[in-house]
Amino acid sequence: MRIVVYGMLALLVIIQYPLWLGKGGWLRVYELDRQVSKQMEKNDALAARNAKLSGEVKDLKDGTKAIEERARAEHGMSKEGEVFVQVVPGKKPANDATSDEAAKAK
């Protein structure tokens, strides 16, 4: 009788092994599900980027405001009659330690 019980337990373990650790087992399914979730997140991000780029392409084809905006931002161009002014931040004097201490005290 004992041999039958141990034999049944051994068969149960042998049957359970492929279910948990085999090629189509639960652990493999869980890992594949995680990979699918990651890929779907990447696809969603890429779809949003593609939609943004598609809108930009459409705007560049149809309108002139986007072209003008890019010319101003990327190339520093201006319209006729406009004056381009670029403000460069001034440098702080290195030897003026007393004014730094006074500013910190306030």
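How many salt bridges does the count come to, if a salt bridge is a side-chain nitrogen of Lys or Arg within 4 Å of a carboxyl oxygen of Asp or Glu? The count comes to 1 salt bridge, and I shall return to it after an overview.

Please note that this is a predicted model, in which local features need pLDDT of at least 70 and side-chain atom pairs count only at pLDDT 80 or more, while totals for chains, interfaces and linings use all residues. Residues are numbered from 1 along each chain as its sequence is written, and side-chain values use heavy atoms, with hydrogens and water left out.

First, the overall architecture. The protein has 4 helices and 0 strands, and its elements run α-α-α-α from the N terminus on. Here helices (H or I, at least four residues) and strands (E, at least two) are DSSP runs, numbered from the N terminus.

Confidence is given as pLDDT, the predictor's confidence in each residue, from 0 to 100. The mean pLDDT of the protein is 83, and 88% of its residues reach 70 or more. Helix α2 has the highest confidence, at a mean of 92, whereas helix α4 (residues 97-105) has the lowest, at 57.

Turning to the surface, buried residues make up 3% of the 106 residues. Buried means under 20% relative accessible area, exposed over 50%, and partly exposed in between (1.4 Å probe, protein chains only). The accessible surface comes to about 10,400 Å², of which 62% belongs to carbon and sulfur atoms; accessible areas come from the Shrake-Rupley method with a 1.4 Å probe, and for residues only the protein chains shown count as cover.

Now to the salt bridge. The side chains of Arg-34 and Glu-31 meet at 3.6 Å, N to O. These two residues are 3 residues apart in helix α2 (residues 26-62), so about one helical turn separates them. Arg-34 is partly exposed, with a relative accessible area of 40%, and Glu-31 is also partly exposed, at 28%.

A second surface feature is a nonpolar patch of about 670 Å², made by Tyr-17, Leu-19, Trp-20, Leu-21, Trp-26 and Leu-27. Patches are made of residues with over 30% relative accessible area and no salt bridge: like charges are joined within 9 Å, nonpolar side chains (Val, Leu, Ile, Met, Phe, Trp, Tyr) within 5 Å. Helices α1 (2-21) and α2 each supply at least two residues of this patch, and α1 gives the most, with 4 residues.

Lastly, Ser-78 lies in the loop between α3 (65-75) and α4 and is partly exposed, at 40% relative accessibility.
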